[in-house]
Structures are given as C-alpha cells and as structure tokens.
Amino acid sequence: MFATRTPRPTLSMTALLCWAGVMIFFAAATAAAQDLGRPITGALPGDYELVNLTGNSLQMPPPIPTIGSLKVATLDVYVSFQCPHCQAFHPNEAVLKARYGDRLVIRRHYVALSENSLNEDLRLYLVARDAGKGGRAAELLMQAGLDEQDGHQRLQACAAVAEQLGLSEAYEAALRDPQMIPRIHKLDQQSTFVTSTPTLILNDRLSFGGDLHNAEVILDAVLQSAPLRTVGRR
C-alpha cells in the first residue's frame with residue numbers, strides 16, 4: 001500500500017508570503033527609525049522647523065504679509081544698552097534696513113540686564129523719551145560703550161549723553177526718583193521671555209540671535225518672491 005502524499009504547495013506558498021510580508025514590515029520600520037532626525041529638504045515659507053546657521057532648530061513664521069506686491073517682515077530686536085553683543089550688532093540694523101528697505105520693519109525693545117542694577121541707562125532713555133528725544137538717546141547710549149560690570153563708568157557715560165541731549169538736570173533727578181523703578185519694570189515686562197541679548201524675533205514667531213549673516217539668510221528666504229529650497233527638519 002502506498003501512502004497517500006498530502007499535497008502542500010498552497011500552504012507553503014501562503015506561509016512564504018506571510019514570512020515575506022513580516023520581513024518587509026520590519027525592514028521598513030528599521031529604515032524609518034534610521035531616518036528620524038535626519039535633515040530633509042523643505043520649501044520656504046512653510047510650517048516646519050528651519051535649522052539656522054547657528055544650529056538652532058526654529059519654527060518658521062506664518063505666511064509673510066504683503067504691501068502691494070512686496071512681502072514685508074517685522075523684526076523685533078531685543079537689546080540692552082549695557083550688552084557688548086548688542087553694541088556690536090547695532091550698526092547691523094542700518095545694514096539690514098539698507099538691504100531690505102520698506103520690506104523690513106525693525107522695532108527695537110530695551111531690556112534690563114540686572115534687576116539689582118541702578119539701570120541708569122534706562123532711566124536716561126525714559127527721561128529722553130518724555131522729552132521727545134528717545135530715538136536720539138537710544139543711538140547715543142548704544143554708541144557709548146556702557147560697561148555691564150562697571151557702574152561708575154556707566155554713570156559717567158550716561159551723564160555725558162544726558163549733557164549732550166541737554167537733559168542733565170532731568171537725568172540727575174531720575175536717578176533719585178523711586179517712580180522710575182515701576183516705569184523700568186513696565187518697559188522690561190514685554191521681554192521677560194528673552195534669555196540672552198540681542199534676540200531677534202521675525203514676525204512674532206521665528207527667534208534667532210544677533211548674527212548679521214544668519215539674519216540675512218533667513219530674511220532672504222522669507223522675503224523673496226520665489227520659495228527657497230533649504231535644509232530643514234520636522
């Protein structure tokens with residue numbers, strides 16, 4: 001008697017297909033895991049993270065508004081008169097304005113480096129602003145080379161700026177006026193999130209440091225009419 005051989009081709013093929021499917025799944029999962037964190041190419045503007053030249057991962061701003069046919073950006077610059085990096089970056093604001101003209105609106109915000117400081121620079125700025133000379137005072141204070149560590153030097157430099165502005169008496173009174181303290185706090189309260197100076201914020205969303213080349217690359221990307229292909233990551 002011959003044993004009846006049970007045919008298995010259909011079962012073997014099914015098992016083979018299942019095994020192949022499992023292997024393909026694991027291969028795809030492995031490849032996806034390896035791709036996590038890799039830079040990918042994206043187009044500006046878009047809602048994805050831009051890796052800027054200093055290596056920071058930053059969220060891109062929403063679509064840039066236009067005036068007529070021109071895209072326009074608002075750049076908020078948070079600086080301290082006592083910060084040497086802010087003093088070094090200050091001339092670059094004029095470079096950016098010359099480069100982008102009406103397409104770029106720069107708004108400067110002044111912050112206190114230390115709550116324990118006399119903040120003589122901010123007192124003088126507020127006095128000058130009250131007298132309609134805030135812009136001129138800000139320029140002179142940025143150019144005065146105020147030393148963050150040397151209070152005596154700051155007092156002398158601010159006194160010289162006050163004299164140049166014709167505000168010596170008002171400045172001396174402001175140094176003794178306790179009502180200047182809440183005014184300085186009010187001036188500073190809109191920048192409590194700023195952890196370093198200078199900090200630049202583009203269209204209320206994209207934050208980056210005070211590096212001229214980095215700023216130009218980012219502004220070129222968001223202000224040009226055609227999308228720029230750049231390196232980004234999710």
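**Exercise 1. The surroundings of helix H4**

Task: In this predicted model, determine which elements cover the buried residues of H4, and state which residues of H4 are buried.

Solution.
Step 1. The covering elements include strand S6 (73-79), helix H2 (84-100), strand S7 (104-110), helix H3 (120-130) and helix H5 (151-165).
Step 2. H4 itself spans residues 134-143, and its buried residues are Gly134, Ala137, Ala138, Leu140, Leu141 and Met142.
Step 3. A general rule helps in reading such a list: an α-helix has 3.6 residues a turn, so residues three or four places apart point the same way.
Step 4. Just after H4 comes glycine 145, with a positive phi of about 65 degrees.

**Exercise 2. The burial of helix H3**

Task: Establish how many residues of H3 are buried, and against which elements they pack.

Solution.
Step 1. Nine of the eleven residues of H3 are buried, and the helix is therefore mostly covered.
Step 2. The buried residues are Glu120, Asp121, Leu122, Arg123, Leu124, Tyr125, Leu126, Val127 and Ala128.
Step 3. Their packing partners are S7, H4, H5, helix H6 (168-176) and H7.
Step 4. Glycine 132 follows H3 and has a positive phi, near 75 degrees.

**Exercise 3. Aspartate 76**

Task: Decide whether aspartate 76 is buried or exposed, and identify the side chain with which its own side chain makes a polar contact.

Solution.
Step 1. Aspartate 76 is found in strand S6.
Step 2. Its relative accessible area is 4%. Buried means under 20%, so aspartate 76 is buried.
Step 3. The side chain of aspartate 76 makes a polar contact with the side chain of histidine 109, at 2.7 Å.
Step 4. When neighbours within four places in sequence are left aside, aspartate 76 is in contact with Arg107, His109, Thr199, Leu200, Ile201 and Asp204.

**Exercise 4. The second largest pocket**

Task: Describe the volume of the second largest pocket and the residues that line it.

Solution.
Step 1. The pocket holds about 160 Å³ of space.
Step 2. Its lining consists of Tyr78, Arg108, His109, Tyr110, Val111, Tyr125, Arg129, Lys186, Leu187, Gln190 and Ser191.
Step 3. S7, H3 and helix H7 (180-188) are the elements that give two or more residues to this lining. The largest share, three residues, comes from S7.
Step 4. By type, the lining residues divide into five nonpolar, three polar and three charged.

**Exercise 5. Cysteines and disulfides**

Task: Explain why cysteine 86 is in no disulfide.

Solution.
Step 1. A disulfide is a covalent bond between the sulfur atoms of two cysteines.
Step 2. A search of the whole structure finds zero disulfides. For cysteine 86, the nearest cysteine sulfur is that of cysteine 83, 3.1 Å away.
Step 3. The cut-off is 2.5 Å, so this pair of sulfur atoms does not count as a disulfide.
Step 4. Cysteine 86 is buried, with 1% relative accessibility; cysteine 158 is also buried, at 0%.

**Exercise 6. Arginine 103 and the whole chain**

Task: State where arginine 103 lies, and how much of the protein is buried.

Solution.
Step 1. Arginine 103 lies in the loop between H2 and S7, and at 23% relative accessibility it is partly exposed.
Step 2. Valine 72 is 31 residues away from arginine 103 along the chain, yet their C-alpha atoms are separated by 4.3 Å.
Step 3. Across the protein, residues 24 or more positions apart account for 72% of the contacts with a separation of 6 or more.
Step 4. The protein contains eight helices and ten strands; of its 234 residues, 35% count as buried.

Methods
Residues numbered from 1 in each chain as written. Predicted model: local features only at pLDDT ≥ 70, side-chain atom pairs only at ≥ 80, totals over all residues. Heavy atoms only, no water. Buried < 20%, exposed > 50% of the residue type's maximum accessible area, 1.4 Å probe, protein only. Helix = DSSP H or I, 4+ residues; strand = E, 2+ residues; numbered from the N terminus. Contact = heavy atoms within 4.5 Å. 1 Å grid on protein atoms, 1.4 Å probe; cavity = no way out; pocket = protein on both sides within 12 Å on 5 of 7 lines; lining within 4 Å. Points joined across faces, edges and corners; volume = space filled by probe spheres on them. Nonpolar A, V, L, I, M, F, W, Y, C, P; charged D, E, K, R; others polar. Polar contact = N/O pair within 3.5 Å; in protein donor to acceptor, adjacent residues only side chain to side chain.
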